[in-house]
Amino acid sequence: MTQRVDLATVMDRLAIDEVITRYAVTMDDADWPGFRALFTPDGRADYTAAGGIEGAAAEVADWLAGTLRPFTVRQQLIVNRRLTIQDLGGYPGDRAEMRADYLNPSRHESGEDLMTGGRFVFGLLRADVGWQLRTVVAEERWRRVAGSSGVL
């Protein structure tokens, strides 16, 4: 690979990482317009493995807004990110997939703490505006609910 291709790949990796970080922050901050803007026009999200819905990004954003409203504290931690960018014979393509583990502690307005963990699979597409999410699949692996004592 040339230095130019190497630099383009690094820039893509940084841009994709920023999209995933913005995804987490929009969830934490209940920024549903920002959440919608992360997706391609045909973007979809699937939270069925976590007890949620699957659908168009706008529909899922509306569902998340209602479902997460009673949680006064949310913190979406997305870690162990493994990124694969489409390889077009040594040149980066316009598609990518990131698999990343998540830990999501939150507090319900009742005082109960909820902790969930699992894996996200993000499908990304390079668009005119930069990298965007085409698909998000949440694969919840575990959850734990604790009372108002704050002990998990």
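These exercises with worked solutions concern a predicted model of one protein chain.

**Exercise 1. The chain as a whole**

Work out how many helices and strands the chain has, and in what order its elements run.

Solution.
- Step 1. The count comes to three helices and seven strands.
- Step 2. Read from the N terminus on, the elements follow the order α-α-β-β-α-β-β-β-β-β.
- Step 3. For the dimensions, take the C-alpha trace: its span along the principal axes is about 55 × 30 × 25 Å.
- Step 4. For burial, 40% of the 152 residues of the chain count as buried.
- Step 5. For contacts, take those with a separation of 6 or more; residues 24 or more positions apart account for 55% of them.

**Exercise 2. Strand β6 and its partners**

Determine which strands pair with β6, in what sense, and over how many bridges.

Solution.
- Step 1. Locate the strand: β6 covers residues 113-127.
- Step 2. Take strand β5, residues 92-108, which pairs with β6 in the antiparallel sense over 13 bridges. One position in this pairing is Met98, which stands opposite Phe122 of β6.
- Step 3. Look at the connection: the hairpin of β5 and β6 has four residues between the strands, and in this hairpin Gly111 takes a positive phi near 100°.
- Step 4. Take strand β7, residues 130-146, which is antiparallel to β6 and joined to β6 by 15 bridges. Here Asp113 has Ala146 of β7 as its bridge partner.
- Step 5. Look at the second connection: β6 and β7 form a hairpin with two residues between them.
- Step 6. Add the surroundings of the strand: 13 of the 15 residues of β6 are buried, and the strand is mostly covered.

**Exercise 3. Asp113**

Decide whether Asp113 is buried or exposed, and find the side chain with which its own side chain makes a polar contact.

Solution.
- Step 1. Place the residue: Asp113 is in strand β6.
- Step 2. Apply the cut-off: a residue is buried under 20% relative accessible area. Asp113 counts as buried because its relative accessibility is 9%.
- Step 3. Find the partner: the side chain of Asp113 makes a polar contact with the side chain of Arg107, at 2.6 Å.

**Exercise 4. Two threonines**

Classify Thr26 and Thr135 by accessibility, and list what each touches beyond four places away in sequence.

Solution.
- Step 1. Thr26 lies in helix α1. With a relative accessible area of 6%, Thr26 is buried.
- Step 2. Leaving out residues up to four places away in sequence, Thr26 touches Asp31, Trp32, Gly34, Phe35 and Leu38.
- Step 3. Thr135 is in strand β7. Its relative accessibility of 32% makes Thr135 partly exposed.
- Step 4. With the same sequence neighbours left out, Thr135 touches Arg44, Val121, Phe122 and Gly123.
- Step 5. For a distance, take Leu103: Thr135 and Leu103 are 32 residues apart in sequence and 19 Å apart in space, C-alpha to C-alpha.

**Exercise 5. The largest pocket**

Describe the volume of the largest pocket, then its lining by residue, by element and by class.

Solution.
- Step 1. The largest pocket has a volume of about 420 Å³.
- Step 2. Its lining has 22 residues, of which Ala50, Leu68, Asn104, Thr116 and Arg143 are the closest to the centre.
- Step 3. Sort the lining by element: α1 (3-29), α3 (57-68), β3 (71-74), β5, β6 and β7 each supply at least two residues. The largest share, four residues, comes from α3.
- Step 4. Sort the lining by class: eleven residues are nonpolar, seven polar and four charged.

**Exercise 6. Positive phi outside glycine**

For Ala30 and Asn80, state what the phi value is and where the residue lies.

Solution.
- Step 1. Ala30, a residue other than glycine, has a positive phi near 55°.
- Step 2. Ala30 lies in the loop between α1 and α2 (32-37). At 35% relative accessibility, Ala30 counts as partly exposed.
- Step 3. Asn80 is not a glycine either, and its phi is positive, about 50°.
- Step 4. Asn80 lies in strand β4, residues 77-87.

Notes:
Residues numbered from 1 in each chain as written. Predicted model: local features only at pLDDT ≥ 70, side-chain atom pairs only at ≥ 80, totals over all residues. Heavy atoms only, no water. Buried < 20%, exposed > 50% of the residue type's maximum accessible area, 1.4 Å probe, protein only. Pairing = 2+ DSSP bridges. Polar contact = N/O pair within 3.5 Å; in protein donor to acceptor, adjacent residues only side chain to side chain. 1 Å grid on protein atoms, 1.4 Å probe; cavity = no way out; pocket = protein on both sides within 12 Å on 5 of 7 lines; lining within 4 Å. Points joined across faces, edges and corners; volume = space filled by probe spheres on them. Nonpolar A, V, L, I, M, F, W, Y, C, P; charged D, E, K, R; others polar. Contact = heavy atoms within 4.5 Å.
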